[in-house]
Amino acid sequence: MASYFGFATPLDLDIRLTGEEERKTVQVKQDKERKEACCVYYDGESVQGQVTVRVRDGKKLQHDGIKIEFVGSIELFYDRGNHSEFLSMAQELASPGEMRQAQTFDFNFKNVEKQYESYQGINVKLRYFIRVTISRRLADVVKEKEIWVHSYRMPPDSNNSIKMEVGIEDCLHIEFEYNKSKYHLKDVIVGKIYFLLVRIKIKHMELSIIRRETTGAAPNQYNESETITKFEIMDGAPVRGETIPIRLFLGGFELTPTFRDVNKKFSTRYYLNLVLVDEENRRYFKQQEITVFRIPEVSRNTFSGIQLCAVRYIILTTK
């Protein structure tokens with residue numbers, strides 16, 4: 001608290017969310033060695049709780065008002081001094097006055113539209129947080145509490161399989177097939193690879209999931225790629241007519257939904273990367289973009305009857 005208050009501030013400030021002990025949490029990285037558990041909220045859900053101000057050692061606190069804000073912002077790490085706030089709501093908790101003992105204030109941001117999902121990437125972070133400010137003549141007292149937002153979207157109406165033929169003329173000709181082009185976060189990628197022509201000595205083949213993050217706008221646009229997972233699906237030389245099956249469970253990886261041009265600040269896309277390596281360590285690869293989306297987790301403790309009906313509909317339409 002000293003980093004907020006300095007040595008002369010005789011108070012403690014605490015922000016508590018209603019029902020936070022029972023609410024789902026995610027571990028959010030704050031720095032290299034520290035993670036913080038953040039409560040998960042959903043689009044349209046109210047954010048409510050209490051703010052407690054405790055005056056130390058019976059001293060009095062003279063202030064010029066206490067306010068609370070609910071903020072959604074996008075932080076680009078290469079431009080740390082320029083945060084973009086796409087959501088800002090404020091409530092007054094107390095008018096200017098004097099405080100001699102602990103006081104608790106209720107707050108409620110009703111049915112807040114949270115149009116974007118929280119995200120922490122390589123060069124960008126989209127965050128939602130509650131900020132309490134006690135205005136003082138010398139220096140304001142400020143404390144923040146972060147929450148994490150998940151957004152559910154209806155699955156796409158069409159979800160066609162992916163079929164492609166690739167190769168090198170007169171040397172290599174393969175055909176690969178994935179069962180779908182759009183997957184939810186707990187889905188399974190099922191596919192096959194057919195070898196139609198093999199005239200080079202292939203040593204092994206691997207499949208990886210790549211997340212590509214794009215931030216900013218041209219000419220100051222940054223692209224970063226990271227490999228989420230990589231595994232070998234074939235070891236040894238294939239022959240013509242051979243088929244390699246693929247089955248990849250997505251639930252074990254830290255994936256986010258696909259984000260496209262979020263508030264004109266960033267995008268996050270996923271690719272399946274198929275790589276063949278020959279005996280001279282030459283690499284042949286083919287990337288295919290897939291779409292990843294989030295569907296609700298069925299829980300009667302979390303969802304109302306109407307929401308459960310929507311969950312059943314989503315699950316049935318994705319089968």
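Accessible areas come from the Shrake-Rupley method with a 1.4 Å probe. By that method, the chain in this predicted model exposes about 17900 Å².

**View 1. The whole chain, built from two helices and 22 strands.** The chain has 319 residues, and 44% of them count as buried. Carbon and sulfur atoms supply 45% of the area that the chain exposes. Now take the contacts in the chain with a separation of 6 or more. Residues 24 or more positions apart account for 67% of them.

**View 2. Strand β14 and its two faces.** Strand β14 spans residues 172-178. Which residues make up its covered face? They are Leu172, Ile174, Phe176 and Tyr178. His173, Glu175 and Glu177 make up the uncovered face.

**View 3. The hairpin of β13 and β14.** Strand β13 covers residues 162-168. Seven bridges join β13 to β14, and the two run antiparallel. Met164 stands opposite Phe176 in β14. Phe176 belongs to the covered face of β14. Three residues lie between the two strands of the hairpin. In this turn, Asp170 has a positive phi of about 65°.

**View 4. Strand β14 beside strand β16.** β14 also pairs with β16, which spans residues 188-198. How many bridges join β14 to β16? There are seven, and the strands run antiparallel. Ile174 has Phe195 in β16 as its bridge partner. Ile174 is on the covered face of β14.

**View 5. Gln221 in strand β18.** Strand β18 runs over residues 220-235, and Gln221 is part of this strand. Is Gln221 buried or exposed? Gln221 is partly exposed, because its relative accessible area is 41%, and partly exposed lies between the cut-offs of 20% and 50%. Leaving aside residues up to four places away in sequence, Gln221 touches Thr214, Thr215 and Gly216. Phe266 is 45 residues from Gln221 along the chain. The C-alpha atoms of Gln221 and Phe266 are separated by 9.3 Å.

**View 6. Asp261 and Asn263, with positive phi values.** Asp261 sits in strand β20, residues 259-262. Its phi is near 50°, a positive value in a residue other than glycine. Where is Asn263? Asn263 is in the loop between β20 and β21, and β21 covers residues 266-278. Asn263 also has a phi near 50°, again positive in a residue other than glycine. Asn263 counts as partly exposed because its relative accessibility is 28%.

Notes: Residues numbered from 1 in each chain as written. Predicted model: local features only at pLDDT ≥ 70, side-chain atom pairs only at ≥ 80, totals over all residues. Heavy atoms only, no water. Helix = DSSP H or I, 4+ residues; strand = E, 2+ residues; numbered from the N terminus. Buried < 20%, exposed > 50% of the residue type's maximum accessible area, 1.4 Å probe, protein only. Contact = heavy atoms within 4.5 Å. Pairing = 2+ DSSP bridges.
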